[in-house]
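The exercises below are meant to be worked through with the sequence and the structure open side by side. Try each task before reading the solution that follows.

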Amino acid sequence: LVLGYLLGSIPFGIILTRLSGGPDLRTIGSGNIGATNVLRTGNKKLAALTLLGDMLKGTAAVVLAGWLLGGKTAALAAGLGAFLGHIFPVWLRFKGGKGVATFLGILIGLHWSIALIFAAVWLSIAYLSKYSSLSALIASLLTVLLLWFLIRDAQAAGLMAILALLLWFMHRENIARLLAGREGKIGQKG
């Protein structure tokens, strides 16, 4: 859990935008530290690198914990820790991202085939709707259902259900804006 938290709390969006001389992400757009808000700076390369960093820290937590401590329980605990570290990083006064990329990274470490489906669903909905938040909400819900009914991995489904609930909670303002028709679209500068 601690290993996962420490990995998850690395704020790649802030680090990368600072290194590039960009603005503090917390002062633009949604104020979020994730890839979607980095994209609002207009720097697609930094957004892609942020996405990759935030994703791989979840994967690394799951894989390292499973390898070092030799078990699925350790991997699941590290996944939970990485997610909590991303959304509540101690370095940023517990104000982090919304967890979508880290959710995907954890899923890669647990069941890469379901991660591919998550990514395909996210990309399809994002392409059709231009809403990152809507894509994440639907893909996270589908992930839990696939893990439970298709893969039949109750432990992974349980963890991802908890993470999906946290992800939905972190998107509560996005949900309100979606319902009101005021949600920002992908690529829209903030």
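**Exercise 1.** In this predicted model, find which residues Lys 98 touches, leaving aside residues up to four places away in sequence, and then describe the setting of Lys 98.

*Solution.* Step one is to list the neighbours: with residues up to four places away in sequence left out, Lys 98 touches Asn 32, Phe 83, His 86, Ile 87, Leu 167, Met 170, His 171, Asn 174 and Arg 177. Step two is to place the residue, and Lys 98 turns out to sit in the loop between helix 5 (72–87) and helix 6. Step three concerns accessibility: the relative accessible area of Lys 98 is 16%, and because buried means under 20%, Lys 98 counts as buried. Step four looks at one neighbour in detail, since the side chains of Lys 98 and Asn 174 are joined by a polar contact of 2.5 Å. Finally, the C-alpha atoms of Lys 98 and Phe 169 are separated by 8.8 Å, although these two residues are 71 residues apart along the chain.

**Exercise 2.** Turn to Met 170, and work out where Met 170 is placed and whether Met 170 is buried or exposed.

*Solution.* Met 170 belongs to helix 9. With a relative accessible area of 17%, Met 170 is buried. The residues that Met 170 touches, again without those up to four places away in sequence, are Ile 87, Phe 88, Gly 97 and Lys 98. As a last step, compare a position far away along the chain: Leu 6 is 164 residues apart from Met 170, and their C-alpha atoms are separated by 20 Å.

**Exercise 3.** Describe how helix 8 (residues 132–151) and helix 9 (residues 154–170) pack.

*Solution.* Two packed helices are described by the angle between their axes and the distance between the axes. For helix 8 and helix 9 the angle is about 165°, and the axes are 8 Å apart. Angles over 145 degrees count as roughly antiparallel, and helix 8 and helix 9 are therefore roughly antiparallel to each other. Their crossing is left-handed. On the side of helix 8, the contact includes Leu 137, Leu 147 and Trp 148, while helix 9 contributes residues including Met 160, Leu 167 and Trp 168. Sorting the contact residues of helix 8 with helix 9 gives 13 nonpolar, two polar and no charged.

**Exercise 4.** Describe in the same steps how helix 4 and helix 6 (residues 100–110) pack.

*Solution.* Helix 4 and helix 6 pack at an angle of about 40°, with their axes 7 Å apart. That angle makes helix 4 oblique to helix 6. The crossing of the two helices is right-handed. Among the residues that meet are Leu 51, Asp 54 and Lys 57 in helix 4, and Leu 104, Ile 106 and Leu 110 in helix 6. The residues of this contact divide into nine nonpolar, five polar and two charged.

**Exercise 5.** Examine Ser 9 and the buried residues of helix 2.

*Solution.* Ser 9 lies in the loop between helix 1 (2–8) and helix 2, and at 1% relative accessibility Ser 9 counts as buried. Its side chain reaches the backbone oxygen of Leu 6 at 3.0 Å. In helix 2 (residues 12–19), the buried residues are Gly 13, Ile 14, Leu 16 and Thr 17, and these pack against helix 3 (35–39) and helix 4 (44–69). Just after helix 2 comes Gly 21, which takes a positive phi of about 85°.

Note on methods. Residues are numbered from 1 along each chain as its sequence is written. This is a predicted model: local features need pLDDT of at least 70, side-chain atom pairs count only at pLDDT 80 or more; totals for chains, interfaces and linings use all residues. Side-chain values use heavy atoms; hydrogens and water are left out. Buried means under 20% relative accessible area, exposed over 50%, partly exposed in between (1.4 Å probe, protein chains only). Helices (H or I, at least four residues) and strands (E, at least two) are DSSP runs, numbered from the N terminus. Contact means heavy atoms within 4.5 Å. Axes are lines fitted to C-alpha atoms, for helices over the stretch in contact, and angles run from 0 to 180 degrees between N-to-C directions. Angles under 35 degrees count as roughly parallel, over 145 as roughly antiparallel, 65 to 115 as roughly perpendicular and the rest as oblique. A crossing is left-handed if the near helix is turned anticlockwise from the far one by less than a right angle, and right-handed if clockwise. Ala, Val, Leu, Ile, Met, Phe, Trp, Tyr, Cys and Pro count as nonpolar, Asp, Glu, Lys and Arg as charged, and the others, Gly among them, as polar. A polar contact is a pair of N or O atoms within 3.5 Å; within protein, one must be able to donate a hydrogen and the other to accept it, and residues adjacent in sequence count only if both atoms are side-chain atoms.
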